[in-house]
Amino acid sequence: MSLTQLSSAKCFGGYQKVYEHESVELKCKMRFGIYLPPKSKHAKCPVLYWLSGLTCTEQNFITKACSQQVAAETGLIIVVPDTSPRGCNVAGEDDSWDFGTGAGFYVNATEEPWKTNYRMYSYVTEELPRLVDSHFSVVPEKMSIFGHSMGGHGALVCALRNPGKFKSVSALAPICNPIQCPWGQKAFTGYLGPDKTTWEIYDATCLASTYSGPCLDILIDQGKDDQFLAAGQLLPDNFVEVCTKKRTPVVFRLQEGYDHSYYFIASFIRDHIKHHAKYLNA
């Protein structure tokens, strides 16, 4: 698959770039951001995948998260895909902000009219890593994943469903138990249909209850003043309870005064990238 470079800017000695390509999984053009640290000029580097939240494109993270400096320091490539297919002319995809365009929820849809294009799970776990591995100087066996909100949900699901594929996982304000919250119920009904038993493979809390793969050291940060925490959309306590019962290592930090925004993400992004660097640079 070929890539078209859309932009490139030098940043902390490396380069923040954006590329476009034709996606086989999603059957449309997709964009992703990639930060190439200075180390990548002369050596292969591990890859850290970031999954963004509702309404975001690849631009939100690369312009607001303040990730490039610590990525340069740790020698990590950071890849940031879009959050859904775009321009597919699926009926209803632009009707609401929390379903359809900008809201792919990192699932492979099984319901019409979504199932042809809305396959973000396979895009993130299979197609995009293959594309990155084939075009950039990476260490293919060393990759990790993290994300925010809907993307935090996606990161946890991708790691728990693919034992050993990702060396580490973390999340900021993730949707931890989507089958129990309004956002998840709306998305899963539309993409996966009414049978709730089919939803469980995309629910981090359900997956954690049966996980038996290699040890995952999970880091989660949650703003205490997050409006969506108060609204019952995120449900981190459910996930932490299951992990505790299963003796799955999870560090859950409730951060006083922080909300759901990129100000929160930027405040703790260094901690998260360093968390992953421990495993990716080992």
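## H276 and its surroundings

H276 is placed in helix α9, which spans residues 262–280. The model described here is predicted. H276 has a relative accessible area of 0% and is therefore buried. Its side chain is joined to that of S168 by a polar contact of 2.6 Å.

Residues up to four places away in sequence aside, H276 touches L48, S144, I145, F146, S168, V169 and S170. Two of these, V169 and S170, recur in the account of strand β7 below, where both are buried. I145 also recurs there, as the residue opposite V169.

## The sheet

The model contains an open sheet of nine strands with mixed pairing, in the order β1-β2-β3-β5-β4-β6-β7-β8-β9. Its edge strands, each pairing on one side only, are β1 (4–11) and β9 (250–255). Direction ignored, neighbouring strands of the sheet are turned by 20° against each other on average.

At the β1 edge, β1 and β2 (residues 14–23) pair in the antiparallel sense, with seven bridges between them. S7 has V18 in β2 as its bridge partner.

## Strand β7 and its two neighbours

In a regular strand, side chains alternate between the two faces of the sheet. In β7, V169 and A171 point one way, while S170 and L172 point the other way. All four of these residues are buried.

On one side, β7 pairs with β6 in the parallel sense over four bridges. I145 stands opposite V169 in this part of the sheet. The chain gets from β6 to β7 through α4, and this β-α-β crossover is right-handed. With β8, β7 also forms a parallel pairing over four bridges. Here the bridge partner of V169 is I218 in β8. V169 is thus a shared point in the description: it stands opposite I145, is bridged to I218 and is touched by H276.

## Helix α4 across the sheet

Which strands does helix α4 lie across? Helix α4, residues 150–161, lies across β4 (45–51), β6 (138–148), β7 (169–172) and β8 (218–223). Relative to β6, α4 runs at about 140°.

## Helix α5 and its buried side

The buried residues of α5 are W183, G184, A187, F188, G190, Y191 and L192. They cover an arc of only 165° around the axis, so they are on the same side of α5. Among the elements that cover these buried residues are α4 and α7 (227–230). Just after α5 comes G193, with a positive phi of about 95°.

## F99, a loop residue against α5

F99 is in the loop between β5 and α3. Is F99 buried or exposed? Its relative accessibility is 10%, and F99 therefore counts as buried.

Neighbours within four places in sequence aside, F99 is in contact with E93, W114, K186, A187, G190 and Y191. Of these, A187, G190 and Y191 are listed with the buried residues of α5. F99 and L54 are 45 residues apart in sequence, and their C-alpha atoms are 8.5 Å apart in space.

## Backbone exceptions

Most residues other than glycine have a negative phi, and most peptide bonds are trans. N89 has a positive phi near 60°, although the residue is not glycine. N89 is placed in the loop between β5 and α3. With a relative accessibility of 71%, N89 counts as exposed. The loop between β5 (77–81) and α3 (120–135) also holds P113. The peptide bond from E112 to P113 is cis, with omega near 0°.

A173 is another residue other than glycine with a positive phi, near 45°. A173 lies in the loop between β7 and α5 (182–192). What is the relative accessibility of A173? The value is 0%, and A173 therefore counts as buried.

Note on methods
Residues are numbered from 1 along each chain as its sequence is written. This is a predicted model: local features need pLDDT of at least 70, side-chain atom pairs count only at pLDDT 80 or more; totals for chains, interfaces and linings use all residues. Side-chain values use heavy atoms; hydrogens and water are left out. Two strands pair if DSSP finds at least two bridges between them. Helices (H or I, at least four residues) and strands (E, at least two) are DSSP runs, numbered from the N terminus. Axes are lines fitted to C-alpha atoms, for helices over the stretch in contact, and angles run from 0 to 180 degrees between N-to-C directions. Contact means heavy atoms within 4.5 Å. Buried means under 20% relative accessible area, exposed over 50%, partly exposed in between (1.4 Å probe, protein chains only). A crossover is right-handed if, with the strands pointing away from the viewer, the path from the first strand over the helix to the second runs clockwise. A polar contact is a pair of N or O atoms within 3.5 Å; within protein, one must be able to donate a hydrogen and the other to accept it, and residues adjacent in sequence count only if both atoms are side-chain atoms. The arc is that of the directions from the helix axis to the C-beta atoms.
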